[in-house]
Amino acid sequence: MTRLVEITVPDEVRERACAGEEGARQLIYAEVAPATFALIRRLVGNRSAAEDVFQDTMMILFERLREFRQEAPLGAWLRQIAISRCLMYLRSPWRRVLLCLEGGDEVGAPALARPTTAAPAPEAIDLERALATLAPTARTVLWMYEVEGYSHAEIAAAFGRSVSFSKSQLARAHLKLRAWFEPQGNPPTCTLS
Amino acid sequence: MHTELEHQQAVARLLRELPDDAARPYDWREFQRRARAAPAAAARVAGLRALAAVIVITLAVLATAIRLGAGPRPAHPPAAPVTADNGLAPVGGDASRAEREDTAARYWLERLPREPALVHVGTRAAVETLEDHIAQVDDLLTTERAGSAPTERVRVLQQERAQLVNSLVQVRYAETLADASR
C-alpha cells in the first residue's frame, strides 16, 4: 500500500472534484481512503471509532479541497487533517468518559498476555499485540515519529505540548515494547532481527 | 547484545513493514450514505447539547436565586402585648388578648434555636441582659402574687415584662434576619 504522504492526485481530477463531480470525488476516495484509514486505525486503535474519525476526515477533505494549495502532495495535506482529527478524538472528554466506564485508562491494554518463555523468533513477533499494550498517546507518538517521520517539535506542536513530552512518550513506548519482546528473566538481548 | 538504538531502529523498521490489509475502509457508497446521515446525527447531537445547555443554565439561575434569596425568609415575630398609651397593659377583656400575645411571643422565641447559627457578640450581650431582666421580673411577679400585692403593682410588672419580651423578640428577630442573609 502506498504511504499516504506520497499519494498525489492529477490536477484535472482534483479540479473536477472541486466542481462537485461525483466521479472525480470517487476516484480521489479510491486513491486515498485505504492509506488514510490505515493511518487512523493505527492511531485510534478501535475500529468503530476509527471509522467515525475516517468519515469525518474524508468529509473535511471534500469540503476543503478548494483550499488545497498544492505545496505538497494531496496525501500529505490529508495526513495533516487525519492526524488532527485523531488527536481531537484521543483528547475528547467523551472518549475519556468511555474509558472510565469501560475500566480502561491511559496505561494501555493490560489484558494481553505477555510472553513469559524465551523470546520468540523474529517472524513470530506479534508487533500488533505489542502495540495494543501501549497507551494511545504513546502509540500515537511512536507512530508519528518512527513511521510518519514527524520530528519531536512537530509532534509537540500537534499535541500542544512540549518537546520533552514527545521525547518522554517515545522513550516510554520503546521501553514498553522492549519489555514485551524481552521478558523478565531473560538476558537483555534484542530478539528483533 | 543489541543496543537501545539498534532496538529502536529494528522496531521502527518492523512498524513500517506492518501489513495494512486488515485496515480496509468501507467503499464509496457507504461513505456517501454516512455523509447523508451525518447532518441528521449532527442535528441530534446539537439538540442534545442545546438541551444540556438549557438545563445547566436553569440550574445555575436557580442556584443563584437560592443563594441570593438565602432560602425562606424567617417568619415575622408577633407583637408583644404593649398597647396601652399610658404604658399599662389593658384590663378586662383586653387582658386575655395581652395574654394570648404574650404566649405567641414566647412560642415564637421557643421555636428559635437556643443559640443562633452565628453568635453576634453585640446582640448576644443584649439578649442575655434582657433574659436576666425578664427572669427578675418573673421572680417579682411570683412574689407579689404570693403576697396578695395590689393589682396595680402586678399590672405594672406585667407591663414591664411585656416590654422586655418585646425587646427580646426584636433582637432575636434581627439576629435571625442577619443569619438568613449570609
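# Two helical chains, seen through their packing

Chain B contains five helices and zero strands, which run α-α-α-α-α from the N terminus on. Chain A is built from nine helices, again with zero strands, in the order α-α-α-α-α-α-α-α-α. Helices and strands here are DSSP runs, numbered from the N terminus: H or I over at least four residues for a helix, E over at least two for a strand.

This is a predicted model, in which local features need pLDDT of at least 70 and side-chain atom pairs count only at pLDDT 80 or more, while totals for chains, interfaces and linings use all residues. Residues are numbered from 1 along each chain as its sequence is written, and chains are lettered from A and ligands numbered from 1 in the order in which they are written.

## The chains in numbers

Two terms help with the table. A residue is buried if 20 or more other C-beta atoms lie within 10 Å of its own, exposed if 12 or fewer, and partly exposed in between, with C-beta atoms placed from the backbone. Two residues are in contact if those C-beta atoms lie within 7 Å. The last column takes contacts between residues at least 6 apart in sequence and gives the share that joins residues at least 24 apart.

| Chain | Length | Buried | Contacts at least 24 apart |
|---|---|---|---|
| Chain A | 193 residues | 35% | 67% |
| Chain B | 182 residues | 13% | 75% |

## How far to trust chain A

The predictor's confidence in each residue is its pLDDT, from 0 to 100. Chain A averages 81, and 78% of its residues score at least 70. Among its elements, helix H5 (residues 93–101) has the lowest mean pLDDT, 68, and H8(A) the highest, 94. Over residues 104–121 of chain A the pLDDT is below 50, although the model gives this stretch 26 contacts beyond near neighbours in sequence. Residues 187–193 of chain A also stay under 50, with 21 contacts beyond four places in sequence. Where pLDDT is low, the predicted coordinates should not be read in detail.

## Helix H2 and its partners

Two packed helices are described by the angle between their axes and the distance between the axes. Axes are lines fitted to C-alpha atoms, for helices over the stretch in contact, and angles run from 0 to 180 degrees between N-to-C directions. Angles under 35 degrees count as roughly parallel, over 145 as roughly antiparallel, 65 to 115 as roughly perpendicular and the rest as oblique.

H2(A) packs against H4(A) at about 30°, their axes 10 Å apart. H2(A) is therefore roughly parallel to H4(A). The crossing is right-handed, a term used when the near helix is turned clockwise from the far one by less than a right angle (anticlockwise would be left-handed). On the H2(A) side the residues are A:Val32, A:Ala35, A:Thr36, A:Leu39, A:Ile40, A:Leu43 and A:Val44, and they meet A:Gly75, A:Leu78, A:Arg79, A:Ala82, A:Cys86 and A:Tyr89 of H4(A). By class, this contact has 10 nonpolar, two polar and one charged residues. Ala, Val, Leu, Ile, Met, Phe, Trp, Tyr, Cys and Pro count as nonpolar, Asp, Glu, Lys and Arg as charged, and the others, Gly among them, as polar.

A:Ala35 is worth finding on screen. This residue of H2 (residues 22–44) is buried because it has 23 other C-beta atoms within 10 Å. Its C-alpha atom is 9.3 Å from that of A:Arg79, which is 44 residues away along the chain.

With H3(A), H2(A) packs at about 140°, the axes being 9 Å apart. H2(A) is therefore oblique to H3(A). Residues in this contact include A:Tyr29 and A:Phe37 of H2(A) and A:Val53 and A:Phe54 of H3(A). The contact divides into 11 nonpolar, two polar and three charged residues.

## Toward the C-terminal helices

Helix H7 (residues 136–146) of chain A is largely enclosed by the rest of the structure, because 10 of its 11 residues are buried. Among those buried are A:Pro136, A:Trp143 and A:Glu146. Their cover includes H2, H4, H6 (127–132), H8 (152–159) and H9 (163–181) of chain A, together with H1 (4–17) of chain B.

The axes of H8(A) and H9(A) come within 8 Å and cross at roughly 105°, so these two helices are roughly perpendicular to each other. A:Ile155 and A:Phe159 of H8(A) and A:Val163 and A:Phe165 of H9(A) are among the residues making the contact.

## One loop residue

A:Gln70 sits in the loop between H3 (47–63) and H4 (74–91) of chain A. Is A:Gln70 buried or exposed? A:Gln70 counts as exposed, because it has 10 C-beta neighbours inside 10 Å. Its phi is near 65°, a positive value in a residue other than glycine. Most residues other than glycine have a negative phi.
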